[in-house]
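Hi,

Here is the structure I said I would pass on. Have a look at it first, and my notes follow underneath.

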Amino acid sequence: MTTNTAELYKNSLRAEMMQIERRHRLLEQQRLQRNTNLDKHRKIIQNLRLHQQNFHRPNYQRRAYRNVLQFSEWMHERPDDLENWFVLPCPKGVRCLLVAEGGRTEAIGKWGNLLLTFQSMLPGGSTGEGNHRGDTTIIDAFFDKEEGHFIAIDVLAYGNQDFMNCDCEFRFYWLNTKIQEDNLGKGTKRKFPIKSVPYASFQDPLAVDELLGRFPAFPGNKPKLDGLLFYHKESLYKSGKTPLVLWLFPFMVPEVLNLHSVHEAYMSQKPSHYEGYKQYIAEFDAKQAKKVDQRTQRREQRKSTKMDCQDESQSTSKESEEKPEEEEIETRDKIDQEMFLLECEIEDTLDKSMQ
């Protein structure tokens with residue numbers, strides 16, 4: 001084990017000892033600060049609405065989407081209140097926010113990049129008859145590029161109702177109910193259906209065993225299973241990483257939770273070098289940290305190259321050398337979206353009447 005990996009392994013052990021304490025403290029803070037949280041969440045929703053109302057302009061507000069999605073932590077130990085948790089299969093796909101308002105729907109990546117603009121059956125998401133364009137709907141989802149559909153895992157707002165201050169148990173119930181009631185799984189003429197994800201409560205061991213033992217996790221194995229997410233039932237939607245949403249790969253479940261109902265097809269995915277979940281987490285995090293360092297170095301190199309180019313072009317007048325920032329952002333958005341659609345082999349769904 002390298003020095004870097006050994007240090008991360010120690011950090012993993014410390015995180016294991018602290019995770020329960022942080023989780024209980026966060027739950028208590030949520031109970032005591034529900035009004036404060038409500039005000040904070042309203043501001044987030046207002047900012048997203050402001051973005052949609054000004055979609056004809058380049059969107060500076062879109063950058064703020066980077067700070068909205070909720071992310072999981074590793075499950076470092078079996079929760080002491082496991083009966084208060086849900087488990088759900090996490091699909092492989094592009095993580096995004098679905099934001100519907102003003103007669104259109106935008107899929108926005110976790111880095112704030114615009115992925116798709118299309119018409120949906122979400123409240124506020126289309127110009128069709130019966131769809132209230134003044135509504136706002138925001139859903140946490142994954143986009144399956146191969147099948148061209150979204151898998152919804154959580155809801156922040158639905159038809160002008162804010163759910164960020166509602167506990168996870170209610171959010172899940174509402175989201176799955178509305179997906180069925182509004183026939184979102186059928187999509188529209190412009191494709192992109194929105195489907196729900198199955199989940200089970202640890203209060204019902206048989207339901208958990210059935211979910212863990214199901215193969216494939218999604219019909220036709222499309223999309224493929226990436227891992228397992230665990231949500232505390234009382235958790236509010238919290239932007240960023242939270243100890244109230246945890247993550248495991250399926251082959252870790254028997255060791256961490258002492259449950260042996262995981263389908264053998266997923267257990268067979270255990271790496272040949274696997275020596276336990278703690279070491280695996282440490283090595284996995286070390287690889288991720290190395291990737292982050294490499295990306296940082298590449299960004300610094302690009303910045304350095306850009307500065308060199310700017311120095312060489314100082315003789316050009318300021319008016320001619322500086323492209324207006326708004327035009328630059330708009331061009332970049334269009335290029336990003338076109339590249340994403342080409343990679344997905346999906347035709348551009350942008351409604352020409354809205355360009």
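A definition before the notes: I call a residue buried when its relative accessible area is under 20%, exposed when that area is over 50%, and partly exposed in between. Please also keep in mind that this is a predicted model.

Let's start with helix α4, which spans residues 205–212. Its V208, L211 and L212 are buried. Why do they sit on the same side of α4? They do so because the arc they cover around the axis is only 95°. As for what lies against them, the buried residues of α4 pack against three strands, β2 (85–91), β10 (200–201) and β11 (225–232). They also pack against a helix, α5 (253–257).

Moving along the chain, the loop between α4 and β11 is worth scrolling to. P216 is found there, and the peptide bond leading into it from F215 is cis, with omega near -5°. P223 lies in that loop too, between α4 and β11. The bond from K222 to P223 is again a cis peptide, this time with omega near 0°. If you set up anything from these coordinates, those are the two bonds I had in mind when writing this paragraph.

N221 also has its place in the loop between α4 and β11. Its phi is positive, at about 60°, although N221 is not a glycine. Is N221 buried, exposed or partly exposed? With a relative accessible area of 24%, N221 is partly exposed, since the cut-off for buried is under 20%.

There is another asparagine to look at, N160, in the loop between β7 (149–158) and β8 (161–162). N160 has a phi near 75°, which is a positive value in a residue other than glycine. Its relative accessibility is 37%, so N160 counts as partly exposed.

Last, the cysteines. How many disulfides are there? Taking a disulfide as a pair of cysteine sulfur atoms within 2.5 Å, the count comes to zero. Among the cysteines, C96 is buried, with a relative accessible area of 0%. C168 counts as buried as well, at 0% relative accessibility.

That's what I have for now. Shout if anything is unclear.

Cheers

Key:
Residues are numbered from 1 along each chain as its sequence is written. This is a predicted model: local features need pLDDT of at least 70, side-chain atom pairs count only at pLDDT 80 or more; totals for chains, interfaces and linings use all residues. Side-chain values use heavy atoms; hydrogens and water are left out. Buried means under 20% relative accessible area, exposed over 50%, partly exposed in between (1.4 Å probe, protein chains only). Helices (H or I, at least four residues) and strands (E, at least two) are DSSP runs, numbered from the N terminus. The arc is that of the directions from the helix axis to the C-beta atoms. Contact means heavy atoms within 4.5 Å.
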